[in-house]
Amino acid sequence: MSEQNGIPEFDPQGPDLVYAALADHVVARVVAGDLVPGARLPAERDLAEEYGVAYMTVRRAMQVLRERGVVVTVHGKGTFIAQDALPNIGQGRE
């Protein structure tokens, strides 16, 4: 993935924990408007393949994003960007 629309490139080899880097990358995509509130995310296994990480890494990143209020998961339907994701992003990692 290359840098586009102000979204930094995802680097699983960087200094952050991979799941945290993945969660931050999804947040950056929301801020840049690449992912809009209500947008359905691909399945976790598909995201793992897209990002080149383990499935459990994506699961952990989605858990962090749910805790931050950036995504909501509806059983049987999928994971979506929360309608109020942008206000919640300011409360991110501290």
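These legends describe close-up views of a predicted model.

**View 1. The annotated span, residues 16–84.**
An unreviewed UniProt entry carries the annotation "domain: HTH gntR-type" for residues 16–84. In the model, this span is 52% helix and 12% strand. Its end C-alpha atoms lie 26 Å apart.

**View 2. Helix α1, a mostly covered helix.**
Helix α1 covers residues 18–31. Ten of its 14 residues are buried. They are A20, A21, L22, A23, H25, V26, V27, A28, R29 and V30. These buried residues pack against α2, α3, β2 and α4. The length of the helix agrees with expectation: at 1.5 Å a residue, the 14 residues should span 20 Å, and the end C-alpha atoms of α1 are 20 Å apart. In an α-helix, residues three or four places apart point the same way, because there are 3.6 residues a turn. After α1 comes G33, which has a positive phi near 90 degrees.

**View 3. The largest nonpolar core.**
This core holds 25 residues. Within it, L65, V70 and I81 touch the most other members. Four helices each supply at least two core residues: α1 (18–31), α2 (44–51), α3 (55–68) and α4 (85–89). The largest share, six residues, comes from α1.

**View 4. L65 and its contacts.**
L65 is one of the core residues that touch the most other members. Which residues does L65 contact, leaving aside neighbours within four places in sequence? They are A23, V26, V27, V70 and V71. Of these, A23, V26 and V27 are among the buried residues of α1. V70 is another of the core residues with the most member contacts.

**View 5. I81 in strand β2.**
I81 is found in strand β2. Is I81 buried or exposed? It is buried, because its relative accessibility is 1% and the cut-off for buried is under 20%. Not counting residues up to four places away in sequence, I81 touches V30, L35, V36, P37, G38, A39, L41, V70 and V71. One of these, V30, is a buried residue of α1. Another, V36, sits in the loop between α1 and α2. For scale, the C-alpha atoms of I81 and G69 are 8.9 Å apart, with their positions twelve residues apart in sequence numbering.

**View 6. V36 in the loop between α1 and α2.**
The loop between α1 and α2 contains V36. V36 is partly exposed, at 44% relative accessibility. It touches the buried strand residue I81. The C-alpha atoms of V36 and Q63 are separated by 19 Å, and the two residues are 27 apart along the chain.

**View 7. The β1–β2 hairpin.**
Strand β1 takes in residues 71–74, and strand β2 takes in residues 78–81. The two run antiparallel and are joined by four bridges. T73 has T79 of β2 as its bridge partner. Three residues lie between the strands. In this hairpin, G76 takes a positive phi near 85 degrees. Side chains in a regular strand alternate between the two faces of the sheet.

**View 8. The salt-bridge network at R29.**
How many salt bridges does the model contain? The count comes to four. Salt bridges link R29, D34 and E50 in a network. R29 meets D34 at 2.7 Å, N to O. R29 also meets E50, at 3.9 Å, N to O. R29 lies in helix α1 and E50 in helix α2, so this pair ties together parts that are 21 residues apart in sequence. R29 is buried, with a relative accessible area of 16%. Its partners are partly exposed: D34 has a relative accessible area of 38%, and E50 has one of 40%.

**View 9. The E44–R59 salt bridge.**
The side chains of E44 and R59 meet in a salt bridge at 3.0 Å, N to O. E44 lies in helix α2 and R59 in helix α3, so the pair ties together parts that are 15 residues apart in sequence. Which residue of this pair is buried, and which is partly exposed? E44 is buried, at 16% relative accessibility. R59 is partly exposed, at 38%.

Key:
Residues are numbered from 1 along each chain as its sequence is written. This is a predicted model: local features need pLDDT of at least 70, side-chain atom pairs count only at pLDDT 80 or more; totals for chains, interfaces and linings use all residues. Side-chain values use heavy atoms; hydrogens and water are left out. A nonpolar core is a set of buried Ala, Val, Leu, Ile, Met, Phe, Trp, Tyr and Cys residues joined through side-chain atoms within 4.5 Å. Buried means under 20% relative accessible area, exposed over 50%, partly exposed in between (1.4 Å probe, protein chains only). Contact means heavy atoms within 4.5 Å. UniProt positions are given in the numbering used here, feature names are shortened, and annotations may be inferred rather than shown by experiment. Two strands pair if DSSP finds at least two bridges between them. The expected span of a helix is 1.5 Å times one less than its number of residues.
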